[in-house]
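User: Hey, got a minute to walk me through this model? I'd like the overall picture, then whatever stands out.
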Amino acid sequence: MKKTLLMALCLCMSASVFSQKMSKDKNLLISSIEKHKEELIKISDSIWALAETAFDETESSRILADYAEKNGLTVTRGVADIPTAFTATYGSGSPVISILGEFDALPGISQKTSPIKEPFKEGAAGHGCGHNMFGTASLGSAIAIKELMDAGKITGTVKFLGTPAEEKYFAKVWMVKAGLWDDVDVNVSWHPSASIEADVQSGLSLIDFIVEFYGQSAHASMDPWNGRSAS
Ligand SMILES: [Zn+2]
């Protein structure tokens, strides 16, 4: 009994030391984001106004790549033979954490930053699902991780992947073929939405399957022993 209590106490203590360290690192990340906030918002607004569609995101890609470079990340432009695709990395060794950033717009939905339908230019392209924020916030995260590394808090590699042409053509396919994820341990992504949530969606690395029930229902996990075929 004493031994169990001691073990529980040790676990609680290490958990609280861990959470203190976690929240300290988290605060450093937050202050890094705060430091870059105004410039990041400016970048996001510029990409919104540029509204460049698939494979024509020349300026949007350049703005993001330049900001990554300015903040000390090593930028490689035109990866996978796509002029608007780029990587921005920092650090060395494992783990290698990649962060996706999209920035392409959609044709025909030009829109000012206004709550009513008000195009910049009638019939021109616009951002439909917030890729102006997607690319910018992801790069902001990569820079914040880089700054956490500089502060000596974590080690490894952060790899921002500027991924063009998501709305059309899916440039990531060529980027995967070019081996840009071969050294990656974990890939993190997000997307602007009406709600804030963390979820897992299916992908090639997540295998799912379909289960079909025939005959009398067994009420799934409630009473599986009663399930039997009607035939
Ligand atoms: Zn989208």
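Analyst: Sure. One term before we start: a residue is called buried if its relative accessible area is under 20%. Keep in mind that this is a predicted model. By that cut-off, 34% of the protein's 231 residues are buried.

User: Okay, and how many helices and strands are there?
Analyst: There are four helices and five strands. Going along the sequence, the order is α-α-β-β-β-α-β-α-β.

User: What share of the contacts comes from residues far along the chain, 24 or more positions apart?
Analyst: Such pairs make up 66% of the contacts with a separation of 6 or more.

User: Let's switch to the metal. Which protein atoms are the donors of the zinc ion?
Analyst: The zinc ion has Cys129 through SG, plus His131 and His191, each through NE2. Those donors lie 2.1 to 2.3 Å from the ion. Along the chain their spacing reads C-x1-H-x59-H. His131 belongs to helix H3 while His191 is in the segment after strand E5 (186-188), so this pair ties together parts 60 residues apart in sequence.

User: And His131, buried or exposed?
Analyst: His131 is buried, with 0% relative accessibility. His191 is partly exposed, because its relative accessible area is 36%, above the 20% limit for buried but not over the 50% needed for exposed.

User: You mentioned H3. How many residues does H3 have, and what does it span?
Analyst: H3 has 20 residues and runs 28 Å from first C-alpha to last, close to the 28 Å expected at 1.5 Å a residue. Of those 20 residues, 16 are buried, so H3 is largely enclosed by the rest of the structure.

User: Which residue follows H3 with a positive phi?
Analyst: That's Gly152, with a phi near 75 degrees.

User: Anything to say about Met149? What does Met149 touch?
Analyst: Met149 sits in helix H3 and is buried, at 12% relative accessibility. Skipping neighbours within four places in sequence, Met149 contacts Tyr90, Gly91, Ile154, Thr155, Gly156, Thr157 and Val158. Take Tyr90 from that list: Tyr90 and Met149 are 59 residues apart in sequence, yet their C-alphas are 8.9 Å apart in space.

User: Now pockets. How much space lies in the second largest pocket?
Analyst: About 410 Å³. The second largest pocket is lined by 13 residues, and the ones closest to its centre are Ile99, Ala137, Ser141, Ile145 and Val188. Helix H1 (2-50), strand E3 (96-101) and helix H3 (131-150) each give two or more residues to that lining.

User: Which element gives the most to the lining?
Analyst: H3 does, with five residues. So H3 turns up at the zinc ion through His131 and again in the lining of this pocket.

User: And how do the lining residues divide into nonpolar, polar and charged?
Analyst: Ten are nonpolar and three are polar, with no charged residues in the lining of the second largest pocket.

User: Last one, Ser61. Where is Ser61?
Analyst: Ser61 is in helix H2, which covers residues 58-70. Ser61 counts as buried because its relative accessible area is 7%.

User: Which residues does Ser61 touch?
Analyst: Leaving out residues up to four places away in sequence, Ser61 touches Thr84, Phe86 and Phe103.

Conventions:
Residues are numbered from 1 along each chain as its sequence is written. This is a predicted model: local features need pLDDT of at least 70, side-chain atom pairs count only at pLDDT 80 or more; totals for chains, interfaces and linings use all residues. Side-chain values use heavy atoms; hydrogens and water are left out. On a 1 Å grid over the protein atoms alone, a cavity is a set of points where a 1.4 Å probe fits but cannot get out, and a pocket is an open set with protein on both sides within 12 Å along at least five of seven lines; lining residues have an atom within 4 Å of a point. Grid points are joined across faces, edges and corners, and a volume is the space filled by probe spheres set on the points. Ala, Val, Leu, Ile, Met, Phe, Trp, Tyr, Cys and Pro count as nonpolar, Asp, Glu, Lys and Arg as charged, and the others, Gly among them, as polar. Donors are N, O and S atoms within 2.8 Å of the metal (3.2 Å for Na, K and Ca); water is not among the atoms, so sites may look incomplete. Buried means under 20% relative accessible area, exposed over 50%, partly exposed in between (1.4 Å probe, protein chains only). The expected span of a helix is 1.5 Å times one less than its number of residues. Contact means heavy atoms within 4.5 Å.
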